[in-house]
Amino acid sequence: MVLQARYADVPIEEKQRLFDEVKADARFESYLYGCYECGICVAACPSARFYDFSPRKIAQAASREDLPMFYEQLNDDIWNCSQCFSCTRCPRGNNPGGLITIMREVSINNGLTSAKTALEGYGRVVYKIMSTGTQVSPDMLQPNAFPDWGPHVQEISDNLALWRRALPPDTMHTTSTAWYVDDRTLTELYLIWHMTGVLDMIKQVDTGLHMILNDVMEELLEEAGFTPE
Amino acid sequence: MPIPLNVLDTRRDSREERGPAVPPTEDVREQVFELEAKGEWLVQRVPDPWIGVTTKYGRIKKIPVAKTWHHKSCGQCGHIPGYSTAIFWLIRKLGLDYNDPKDQTSCTAWNYYASATSNQGAQAAVAMRNFGAAYESGYFPMIHCGTSYGHYKEVREELVHSAQLRDEVRRICDKLGKPFVMPEEIVHYSEWIYAMRDEFAKRRVLDLSSIDVTVHPACHYHKLVVEDAIYDPDVYGGQRTAVVSAVVTALGANVKDYSTWFDCCGFGFRHILVQRDFTRSFATLRKIDVMREEANPDVVLTHDTGCVTTLDQSQFAARAHKPNVGIPVMSEAQFAALAMGAHPYRVCQLHWHSTEYRPLLEKMGIDWRERWREFEDDLERLKKDDKAFLTWEDADA
Amino acid sequence: MPETILVIGGGPAGLEAARSIATIGGRAILVERRPVLGGTPDESNYAALTPRMGSAQDALDILRAGVVDPDIDVRVNTTVTGCSGTVGDFAVTLISPTGETTESVGSIIVATGFQHFDPGRETQMYGYYEHADVITLPDAEKMLKEHHFVRPSNGEAPRNVAFIQCVGSRDRRLGNEYCSKVCCGVASKEAIEIRRLLPDCKVYIFYIDMRMYGYWENEIYWPAQEQYNVTYIRGIVTEIVAKDGRLLMKGEDTTMGRPLEVLMDVIVLSVGMEPSRGTRDVAGILGIAQNKYGFIALPGEPMDVVSTSVPGIFVAGAAAGPKDLEDTIGMAGAAAVRAVGAVRGGARAGAAAAR
C-alpha cells in the first residue's frame with residue numbers, strides 16, 4: 001500500500017463504493033486476470049510517453065484493490081488514455097484500456113468533478129452524435145474549432161455546401177451530418193438512448209445538454225408514437 | 001548489411017516440420033452459429049461469391065465480393081469524403097452491386113472511447129440496430145471505419161458471452177421492430193480491398209514503381225479482437241497484419257518499413273477533439289518524423305478514419321518548427337483508385353486533405369493542374385445550378 | 001504374455017527408461033524416428049548443460065552406452081503408426097525404411113519430448129523470421145558449441161546482447177500459460193558463456209521473474225551477476241524492429257518504472273517448450289489423453305507422475321510438460337519400474353493407474 005497524498009479527505013467508503021461499481025461491470029472479469037509486471041503494456045502505450053501514465057499501474061491498482069491509488073487514477077489518469085488498446089498485447093490477457101473504459105463510465109455515472117472537467121468543450125460532440133446519429137459532421141470543420149489545422153479548414157468551411165454537392169455518392173450531400181440519416185433511423189437511435197439509460201448518464205455530467213437533447217428527441221419520438229420507458 | 005536469406009528461410013521452413021499450431025483462441029463464429037441453432041438470433045450469411053482470406057491464427061475468413069451494405073464512417077464521410085467515395089468508386093469500377101444505406105447510424109464508438117457517455121447495452125444496441133437494417137436490405141455489412149469494425153467485434157464477443165446482454169438488446173430490437181441478427185463475419189472494407197487487390201492490379205493504369213509508401217496499421221483493426229485480422233506469411237513474415245501492405249505491393253509500389261509501425265497515430269478519441277497537443281506531438285514525433293527519417297516515403301497509407309485525420313491534419317502546426325514533416329496521407333482505397341485512373345478531386349476529393357499531396361500526384365504521373373481545372377469547372381456548373389450534384393457519370397467523364 | 005516394453009523416443013527420457021528396464025531384468029524395444037539417438041539435446045546442438053556446464057555430448061554418450069544391451073532392441077529411423085490391445089497385450093505397428101512390422105508388447109513408455117517454441121510462428125512481433133540477428137536459445141547454443149558467437153547477419157562479434165525471457169511461455173494470448181522451467185537457467189548459462197568468450201560484450205537479460213530453483217540460484221544466477229556482470233533488467237520486450245542496421249527493442253524497465261528503447265546487436269529469445277510433433281502424434285495413435293496444451297496428461301498427479309490415462313501406457317520426460325534433465329532422468333526410472341510392473345503383475349499396475 002502506497003501512502004497517498006491526494007484525496008486523503010475522500011472517505012475510504014466512497015472509494016470502495018466506486019471501485020465496487022467498476023468491479024461489478026460484466027466486462028471486468030475478462031479485462032483483468034492478474035499482473036506480473038512485465039511492462040509490455042507500458043512499452044506499447046502512447047499516453048505513457050507523454051503523460052505520467054501507466055497502464056501497468058492501472059492493472060496493478062485494480063488487482064491489488066488499492067483503493068487510494070484507484071481513486072487517484074479515477075480522477076487524474078483515466079482521461080489521459082488514448083483508448084488505442086495497444087495494451088491488449090498483455091501476455092496475461094489483461095485489457096487495461098478496457099478497464100479504463102469502465103472506470104470512465106463509472107466516473108460519468110457518478111458525476112465526478114474530474115469527469116466534468118474532462119468533458120469541458122466536448123458537449124457539442126455528445127450533442128452531435130446523440131441527436132443526429134453521426135458524430136462528425138462537415139460543418140464542424142470551423143477554423144475556431146481547429147485553429148491548429150491551418151487555413152485549409154477555412155477554405156473547406158467557406159466552400160462547404162458547394163463541395164458537398166460535388167460528391168458523387170448521393171448520401172453524402174449533407175453538411176450538418178456526415179451522411180443522410182433517415183428520420184425513422186434517428187427515432188430508433190433515440191429510443192436506444194432512452195432504453196439503455198444513456199440519457200441519465202448525460203444528466204449526471206451536463207444538465208443543460210441533457211435538457212436540450214430531451215427536447216430534440218421528444219418530437220420525433222412522439223411522432224413515431226414511441227413513449228420512452 | 002548482407003541479409004542471409006538462407007538463415008531466415010530455414011527458420012520459416014522449420015514451421016512445416018513442427019506441424020500445425022492450434023489457435024490459442026476460441027472461434028467466436030462457431031458460437032454465433034450455435035446461438036442461431038438455439039433460436040437466440042439469426043445469422044446473416046456471407047453472400048456468394050466470397051473470397052477466403054487467412055486470419056492471425058490460420059483460420060479462414062469469408063470476404064463477400066459483392067452485395068455489400070456499406071456501414072459508413074462519420075469521420076470519413078464528414079471530413080475525408082474522398083475516402084468513402086473511393087471505396088464506392090472501386091466497387092463500381094468492378095461492376096459490383098452494393099447498397100449505400102440511409103438507415104444507418106454511426107457506431108457511436110468514437111464518442112464512447114472519447115467520453116464514456118454511453119454503456120455496454122447502448123453500444124450493443126446501436127450495433128445490432130445497424131446489423132438488423134443491413135439484414136432487412138438483403139445486403140451484407142461492410143464496415144468502413146476501423147473503430148466501428150473493432151468495436152463491433154468486441155460487441156459480438158460480449159453478446160456471445162452474456163445471455164443477459166443478449167436479452168437486453170433483443171428487447172430493444174423488438175421494440176424498434178428490427179430483426180435480431182448477427183452477421184456471419186464482421187468485415188472491414190480494407191479486408192475487401194485486400195481480397196480484391198489482384199483485380200485492382202489488373203486495372204492499374206499508372207506506373208507506381210517509383211512510389212515509396214509507409215503503412216500505418218490501424219490500432220482498432222489489428223489490436224481489438226486480434227485473431228480476426230488478416231495476416232499473410234508473405235507480408236512481414238506473417239507478424240503484422242497484411243491489409244494495406246499487400247495492396248501496395250500488388251499495385252507495384254514499394255512498402256517501406258519504419259520502426260514505430262506498431263505505435264498508434266495519436267488520435268486518442270478525446271485528444272483529437274479537446275486535447276490536440278498530445279495528438280500533434282505523437283503523430284509528428286512518433287510517426288511522421290520517424291517515417292521521414294527512416295523511410296522517406298512519398299505517401300503514408302492507412303485504413304482507418306482516425307488515422308488518416310490525425311496523421312494528415314497534425315502536420316500543419318508542426319511545420320512551424322519542423323521542416324521534416326509534409327508527407328501526404330490518404331487511405332489505401334484512394335491510392336488504389338488513383339492507380340486505376342480515378343479523378344483526384346471528383347473521386348478522391350484530395351482538396352479536403354491538409355498536407356501537400358501535389359508532388360505525389362506528379363510523381364504518380366497525374367496532371368493535377370488539369371484535373372483541378374476540370375473540378376473547378378464542375379464547381380462552376382454546380383454554382384450556376386446547371387445541376388444539383390456531381391454524379392458518378394461526371395466522376396468518370 | 002509378452003514381457004517386452006516399447007519405449008517411444010530415443011532422447012534422454014527414452015534412453016534412461018530403456019536402460020532402467022534392462023537393469024531390472026526387463027526387455028525393451030527402443031524406437032527413435034531420427035537416425036541417431038540423443039533426442040532434442042543432440043538435434044538442437046546442446047553444448048554445456050545447465051547448471052554445471054558439463055558437456056552435453058559426454059552426458060548423451062553415457063546415456064547411449066546404457067542402451068547397448070542384449071535386452072534392448074534399438075531401432076532408429078522408426079516410428080509408431082498404430083496400436084491396439086490393452087495392458088499386458090498391446091500390438092504396435094512400427095514403420096522403418098526396411099518396412100512395417102507388428103510387435104507384441106506388454107506396456108509402453110512414451111518419451112517423445114518437446115519442441116522449442118517457434119517465435120516466428122506466432123505474431124510475437126519479435127521478428128524472428130525477419131531479422132537474422134534475432135535468434136533463439138538453441139540458435140545461440142549452436143554457436144556456443146563452436147565457441148564462436150557472432151551476429152548471424154554479418155559474422156561480427158556483438159557488443160550488446162540481450163536475452164528476452166518467457167518467449168512462448170506464461171502467455172495467455174499464445175495459449176501457453178505454463179512456465180517452461182529451464183529457460184531462466186539456460187539463458188543465464190549462455191550469458192555467462194558469451195561473457196567468457198567476448199569479455200567486451202555487454203549482456204542483458206530481460207525477465208519477468210527469474211526462476212532459478214534450488215542450486216541453480218547459487219550455481220548460475222549469482223555467478224552470472226557477481227562474477228560475469230550479466231545485467232538483469234525486470235521488464236519484457238513488446239517488439240523488436242530494425243534500426244540503423246541494428247535491433248531496436250522496446251520495453252519497460254519496471255523496476256525503474258520507465259519506458260526503455262535500446263539498440264542491440266543480437267537478441268536471444270528464451271523460447272519455452274511445447275509438445276513435440278511426435279508427442280502430439282503418438283498421443284493420438286495410442287489414444288492417451290493430452291492436457292489443454294497438448295502435453296501428455298497425468299491423471300494421477302501428484303502421487304503418480306508417470307501413468308497416462310490408459311493403463312499400461314506411461315510417460316517420461318518433457319512429453320508430459322516442461323522438464324529439466326534431472327526431472328527427466330528421475331521420471332524415466334520411475335516409468336521403467338511401473339512399465340515392468342505392469343507386465344509382470346498387471347492387476348496391481350492397473351489398479352495403480354486407475355487410482
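1. A quick term before anything else: two residues are in contact here if their C-beta atoms, placed from the backbone, lie within 7 Å. Keep in mind, too, that this is a predicted model. With that in hand, start where chains A and B meet: 72 residues of chain B are in contact with 61 residues of chain A. On the chain B side, the biggest giver is helix α6 (residues 120-137), which puts in six residues. Sorted by class, that side of chain B has 32 nonpolar, 25 polar and 15 charged residues.

2. Chain B also meets chain C. Here 23 residues of chain B are in contact with 25 residues of chain C. The chain B side of this one splits into 12 nonpolar, six polar and five charged residues.

3. Next, have a look inside chain B. The chain is divided into domain 1, covering 28-189, and domain 2, covering 204-375. Taken over C-alpha atoms, the centres of these two domains of chain B are separated by 25 Å. The contact between them draws 34 residues from domain 1 of chain B and 33 residues from domain 2 of chain B.

4. Which elements of domain 1 of chain B give two or more residues to the side that touches domain 2 of chain B? They are β2 (50-54), α3 (74-79), α4 (81-93), α5 (109-115) and α7 (146-161) of chain B. α4(B) gives the most to that side, with nine residues. By class, the side of domain 1 of chain B that touches domain 2 of chain B comes to 15 nonpolar, 13 polar and six charged residues.

5. α4(B) deserves a second look. Two packed helices are described by the angle between their axes and the distance between the axes. For α4(B) and helix α17 (residues 332-339) of chain B, the angle is about 50° and the axes are 8 Å apart. α4(B) and α17(B) are therefore oblique to each other. As for handedness, α4(B) passes α17(B) in a left-handed crossing.

6. If you want to find that helix pair on screen, these are the residues to click on. α4(B) brings Gly82(B), Tyr83(B), Ala86(B), Ile87(B), Trp89(B) and Leu90(B) to the contact, while α17(B) brings Ala333(B), Gln334(B), Ala336(B) and Ala337(B). By class, the contact of α4(B) with α17(B) has eight nonpolar residues, two polar ones and no charged ones.

7. Still in chain B, there's a three-stranded open sheet. Its order is β5-β4-β6 (chain B), and the pairing is parallel. Why do β5 (98-99) and β6 (140-143) of chain B each have one side without a neighbour in the sheet? Both stand at the edges with a single partner strand each, so one side of each is left free of a neighbour there. Strand β4 (residues 68-71) of chain B is joined to β5(B) by two bridges, and these strands run parallel. One pair to look for is Trp69(B) with its bridge partner in β5(B), Asn99(B).

8. Chain C has an open sheet of three strands as well. The order is β4-β5-β6 (chain C), with antiparallel pairing. The edges are held by β4 (79-86) and β6 (99-105) of chain C; each has a single partner strand, so one side of each has no neighbour in the sheet. On average, and with direction ignored, neighbouring strands of this sheet are turned by 20° against each other. Strand β5 (residues 89-96) of chain C pairs with β6(C) in the antiparallel sense over seven bridges. To get your bearings, pick Val92(C): its bridge partner in β6(C) is Glu103(C).

9. Back to chain A for its layout. The domain assignment gives domain 1 of chain A (12-117) and domain 2 of chain A (123-223). Their C-alpha centres lie 30 Å apart.

10. Finally, some backbone details to check. In chain B, the peptide bond from Asp48(B) to Pro49(B) is cis, with omega near -10°. Pro49(B) is found in the loop between β1 (42-44) and β2 of chain B. Chain C has a cis peptide bond from Glu301(C) to Pro302(C), with omega near 5°. Look for Pro302(C) in the loop between α7 (277-286) and β18 (313-315) of chain C. And in chain A, Tyr7(A) has a positive phi of about 60° although it is not a glycine. Tyr7(A) lies in the segment before α1 (12-24) of chain A.

Definitions and conventions. Residues are numbered from 1 along each chain as its sequence is written. Chains are lettered from A and ligands numbered from 1 in the order in which they are written. This is a predicted model: local features need pLDDT of at least 70, side-chain atom pairs count only at pLDDT 80 or more; totals for chains, interfaces and linings use all residues. Helices (H or I, at least four residues) and strands (E, at least two) are DSSP runs, numbered from the N terminus. Ala, Val, Leu, Ile, Met, Phe, Trp, Tyr, Cys and Pro count as nonpolar, Asp, Glu, Lys and Arg as charged, and the others, Gly among them, as polar. Domain bounds come from an automatic or database domain assignment. Axes are lines fitted to C-alpha atoms, for helices over the stretch in contact, and angles run from 0 to 180 degrees between N-to-C directions. Angles under 35 degrees count as roughly parallel, over 145 as roughly antiparallel, 65 to 115 as roughly perpendicular and the rest as oblique. A crossing is left-handed if the near helix is turned anticlockwise from the far one by less than a right angle, and right-handed if clockwise. Two strands pair if DSSP finds at least two bridges between them.
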